[in-house]
Amino acid sequence: MAPHSGQLKPATKAVHVESLVRRFATKTILDGVDLDIERGEFVALLGKSGSGKSTFLRALAGLDHEVEGTGTLDVPENLSVVFQDARLLPWRSVVQNVTLGLPGTSGQEAGRKALAEVGLQGRENAWPNQLSGGEQQRVALARSLVRDPALLLADEPFGALDALTRLKMHDLLRELCARHRPAVLLVTHDVDEAISLADRILVLDEGRFIEDLRIDLPTPRDHGDPRFAQIRSHLLSRLGVDVSGRKAA
Amino acid sequence: MATTWDVDGGKSVRTPHRDIAYAGSTATKPAGPRARRKLGPGPAIPFGLQIGPALLVLIWVAGSALGWIDPRILSAPWTVVEAFGRLIEQGRLQDNFVTSATRALLGLSIGLVIGTILAVTAGLSRIGEALIDGPVQIKRAIPTLALIPLLILWFGIGESMKVTTIVLAVIVPIYIHTHNALRSIDSRYVELAETLRMSQKDFIFQVVLPGALPGFLLGLRFAVTLCWVSLVVVEQINATSGLGYMIDLARTYGQTDVILVGLVVYVLLGLVSDGLVRLLERRVLSWRRTLAS
């Protein structure tokens, strides 16, 4: 892993990143990125494919052992990752997946509670294969929640779900975040998803943030709101999508 | 849809019209082009798996009864049944069976333990792999039969030579399949274990070993079959007891019926032990069955 300095961050910050560089062979993926995330802040990270957004998330998660790089990276010890696939162990029951690696019987109770919170009470002893895609992703959310993370990293967590399930998952995630208040970094390619969920939206392009936008719309956010449409077309143009002639859905 | 129309009386007029259109479209269906041919093998035949063996037995019975089959070449089924009864009466079948089964189970158990330990050591550490994998691959290239002369020189012709031969044969499939399963554990699960900050012990017992279990059980199925096969080999060379010895002795005296009794016992042993492993597989891998059902 790239060297990290032990520099202390202010107590109000959950994440402090300074001039973070990540390279694959000769290609620079992250080119000196700076970012601070407040405690409890919900940040969405948008970017074209190949813009380095997953690399950034994996650097924060400490999953980039073999990647070359430099920079300061200060993240809470207690962080949790939700992947695009639910990544449940098929040979462990739902509740065992939630409490994976937690010690003893106190974990069991917490696991049941977390499952109830994501609306899966009664399915504790099912096998992951018996659940639908949306349900599996809810188990993955419960697995993160039960650890009460200070930072939740989500890498396109709803990318593999159908549109209707995705909307339901947005409501659930918003609700859970309001209750547990972790800092969140949500990597997504879905502009609407970012606007409906985030307090702040970043756009990554060629290894640098080219946009840092605070979203002050009231929640729950109405997709028909003209300000919503305005933010959407602004973000789309930053992502290099030609928005002239496109209408807000 | 119907409820909307019930509420809105004006639109309900359209309902019968739709029904007619629907009825009309179904009526034209049988008159359409001929049914599409299915590409699959079609539905299962009841007792399909039993038909082949039953046919063979039927040919055997008919051939013997009509005198088409020379009893010196292949004894008639009833002669075999008689020989079966006679061998049990004399106690020869039971004695030889117990001797053979003891050898097979002993060799299987020892081979199972050694093969699993080798596979886990090689699967979980690079040093272990460097030390173990090569020798096992070399052993795999040597036919068990070819090792027997050396084993006789080392262990004599007693039980230890026979059990060692079975152990050496069994280690290979257990090792290969378990090691392969350990190595092909999805790297995504390794990442997951890292982000969950699992301990090394939890990682091995929650992720690695259960994940490799299907491979181990596949290896076990091969091993079980192989332990009976190697038994035949060791018992037909320098043995004074066991099913293989019984068969070999019968060859000396030209007793086709006794040879057939021995073969039938081998068939039953092979099928029963394979069935037992499959039963074990079904119980242990119940999380997989849900995928198939």
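A:Arg181 sits in the loop that links helix 5 to strand 7 of chain A; helices (H or I, at least four residues) and strands (E, at least two) are DSSP runs, numbered from the N terminus. The model is a predicted one, in which local features need pLDDT of at least 70, side-chain atom pairs count only at pLDDT 80 or more, and totals for chains, interfaces and linings use all residues. Residues are numbered from 1 along each chain as its sequence is written, while chains are lettered from A and ligands numbered from 1 in the order in which they are written.

The phi of A:Arg181 is near 50°, a positive value in a residue other than glycine. Most residues other than glycine have a negative phi. A:Arg181 counts as partly exposed because it has 13 C-beta neighbours inside 10 Å. Here, buried means 20 or more other C-beta atoms within 10 Å of a residue's own, exposed means 12 or fewer, and partly exposed is in between, with C-beta atoms placed from the backbone.

On the helix 5 side of that loop, A:His170 lies in helix 5 (residues 163-180) of chain A. A:His170 is partly exposed too, because 18 C-beta neighbours fall inside 10 Å. Leaving aside residues up to four places away in sequence, A:His170 touches A:Glu193, A:Ser196 and A:Leu197, contact being C-beta atoms, placed from the backbone, within 7 Å.

Strand 7 takes part in an open sheet of six strands, with the order 5-6-7-3-8-9 (chain A) and mixed pairing. Strand 5 (79-82) and strand 9 (208-214) of chain A are the edge strands, each pairing on one side only. Two strands pair if DSSP finds at least two bridges between them. Strand 3 (residues 42-47) and strand 7 (residues 183-187) of chain A run parallel, joined by four bridges; A:Val43 has A:Leu185 in strand 7 as its bridge partner.

As for pLDDT (the predictor's confidence in each residue, from 0 to 100), chain A averages 88, and 93% of the residues score at least 70. Strand 7 of chain A has the highest confidence in the chain, at 95, and helix 3 (residues 104-117) the lowest, at a mean of 86.

Chain B has 13 helices and zero strands. Buried residues make up 26% of its 293 residues. B:Arg197 is found in the loop between helix 9 (187-195) and helix 10 (200-235) of chain B, and its phi is near 50°, a positive value in a residue other than glycine. With 14 C-beta neighbours inside 10 Å, B:Arg197 counts as partly exposed.

Methods. Contact = placed C-beta atoms within 7 Å.
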